[in-house]
Number of protein chains: 2
Amino acid sequence: MARKISESTVRRLSRYLRRLRELDARERRSVVSSAGLAQSTGTTAAQVRKDLSHFGSFGKRGQGYPVRALREQLEEILGLTQRWRVAVLGAGKIGSALLGYGYFTQRGFDVVAAFDSDQSRIGLDLGGVRVQPLSELKRTFEDRRVAIAIIATPVEAAQQSADMAVGAGARAILNFAPVKLDVPEGVAVREMDVTLELEGLCYMLTTGGPAADDTE
Amino acid sequence: MARKISESTVRRLSRYLRRLRELDARERRSVVSSAGLAQSTGTTAAQVRKDLSHFGSFGKRGQGYPVRALREQLEEILGLTQRWRVAVLGAGKIGSALLGYGYFTQRGFDVVAAFDSDQSRIGLDLGGVRVQPLSELKRTFEDRRVAIAIIATPVEAAQQSADMAVGAGARAILNFAPVKLDVPEGVAVREMDVTLELEGLCYMLTTGGPAADDTE
DNA sequence: TGCTGTGAAAGGGTTCACAGCT
DNA sequence: AGCTGTGAACCCTTTCACAGCA
């Protein structure tokens, strides 16, 4: 298998998968064409075919792609044949929302722990998870083999939280705090900054019309 | 001014701005070099200079960029010299979190309304905003000149909510529901799907090491 | 005929390298 | 000397177009 898959390709694969799960579970379709997938996923047919072709030939010429099988292939490719354990750092507004987020379970993620530095939140039960003090973080990460940490703290505490998570064995971080995190090489970070996205929308509104590729 | 700025450029501009605000308000620095900005923003010095050069010359050779002035320039470019009114559709977990999100105000966004279809949530006060029934959506959007809608409903209700928002005059949508929305041309959409990001991280974990450009 | 798989072409974004101010 | 502004080179992604099967 050829490596060096770009991040944008991975993002699209994830979207294809999301759609395939819908087609499979909800709409009971058994085949899709590249054009169909492209349509419902915001890209082009050629792009879909090219993306998939990096990993093999999954379709039948003249028919399209078998939904179920392609879904399984993509799960395999993205590393989703196992369930992943996730911990949330910061049990404020965003942290709480994530702890009750319904789509994690059905998409293969289990939130197994939550942490906060605020004494008043420790012990709370949020979405079935008990909020623990930071002093228990390392132990819990190790015991429960947590590989992914979600940072949902205020900006000031984000870097420090990330350091703790990494020190406790986390190898990937999803960061909701609006700061760039410094992490050692080998640790993957993705950032979700609501305001950043809103600003992007403002730019489009201000300059008039979506910036080229967006809506389509 | 030359148009046709790529989405990735806009994203970076937004990050520069985020950093400049820190430098200005918190760290009281009055100049930054392209290298400095790049460092704290996850890109390269050349990229910073190139991005800014699309809009003019803001720096002094030999010294760097004046923090305050550059911040103002970027606010201008991104269309952030005005405050933007935002409405949240869906007052569940995520919606509630957004209604109390502390960074909106300081970054120029005002959440002025919230809507839900669930009778039991209507009338609730979340972060100072009263949850309204959908029947009041159009009126409120018009009265308060809401240009941006944040969709925080379950998947099933997302498209319909988007349609209502657009029908009521929204020209930009930030979508938290994990589905691709169909919107008329001219309406900008950005998607925030937590699971999608987590899947991206899994891919990196599975294939070993961040995919090239990520950590750096 | 219909749709995939894929080299080749086109298009854009990023990096280089250096001239040009301060 | 130090750091910006920028054309040119490079590289990577997307699009095109068509051969190849079902």
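Before I turn to the structure, one definition: two residues are in contact if their C-beta atoms, placed from the backbone, lie within 7 Å. With that in place, consider helix α8 of chain B, residues 155–167, which lies across β3, β7 and β8 of the same chain, β8 being residues 172–175. The direction of α8(B) is at about 170 degrees to that of β7(B). I should say at once that this is a predicted model.

Let me stay with chain B and describe the sheet. Which strands form it, and in what order? Seven strands make an open sheet, and the order is β5-β6-β4-β3-β7-β8-β9, with mixed pairing. At the edges are β5(B), residues 125–126, and β9(B), residues 188–191, each of which pairs on one side only. As general background, strands of a sheet pair through backbone hydrogen bonds, either parallel or antiparallel. Within chain B, β3 (residues 84–89) and β7 (residues 148–151) pair in the parallel sense, over four bridges. In that pairing, B:Ala87 stands opposite B:Ala149 of β7(B).

Chain B also offers a pair of helices to examine. Two packed helices are described by the angle between their axes and the distance between the axes. For α1(B) and α4(B), the latter being residues 67–78, the axes come within 9 Å and cross at roughly 145 degrees. The crossing of α1(B) past α4(B) is left-handed. Among the residues making this contact are B:Leu13, B:Leu17 and B:Leu20 from α1(B), and B:Val67, B:Leu70 and B:Leu74 from α4(B). Charged residues take part as well, including B:Arg21 and B:Asp24 on α1(B), with B:Arg71 and B:Glu75 on α4(B). By class, the contact has 10 nonpolar, one polar and five charged residues.

I now move to chain A. This chain has nine helices and nine strands. Its C-alpha atoms fill a box of roughly 60 × 45 × 35 Å along the principal axes. Of the 216 residues in chain A, 42% are buried. Among contacts in chain A with a separation of 6 or more, 56% are between residues 24 or more positions apart.

Three strands of chain A deserve a closer look. Strand β4(A), residues 109–116, runs parallel to β6(A), residues 129–133, and three bridges join them. The bridge partner of A:Phe115 in β6(A) is A:Gln132. Strand β5(A), residues 125–126, pairs with β6(A) in the antiparallel sense over two bridges, and one partnership there links A:Leu126 to A:Val129. β5(A) and β6(A) form a hairpin with two residues between them, and A:Gly127 in the turn has a positive phi of about 55 degrees.

Finally, the DNA. What surrounds strand C? There are 27 residues around DNA strand C, and the closest are A:Gly59, A:Gly62, B:Ser6, B:Arg61 and B:Gly62. Helices α2 and α3 of chain A, and α1 and α3 of chain B, each supply at least two residues of that surface. The largest share, six residues, comes from α3(A). The surface near strand C divides into seven nonpolar, 14 polar and six charged residues.

And which residues are closest to DNA strand D? Of the 27 residues that surround DNA strand D, the closest are A:Ser6, A:Arg61, A:Gly62, B:Gly59 and B:Gly62. Here α1 and α3 of chain A, together with α2 and α3 of chain B, give two or more residues each. The largest share of the surface near strand D, six residues, belongs to α3(B).

Definitions and conventions. Residues numbered from 1 in each chain as written. Chains lettered and ligands numbered in written order. Predicted model: local features only at pLDDT ≥ 70, side-chain atom pairs only at ≥ 80, totals over all residues. Near = placed C-beta within 6 Å. Buried ≥ 20, exposed ≤ 12 C-beta atoms within 10 Å, placed from the backbone. Axes fitted to C-alpha atoms, helices over the stretch in contact; angles between N-to-C directions. Left-handed = near helix turned anticlockwise from the far one by under 90°. Pairing = 2+ DSSP bridges.
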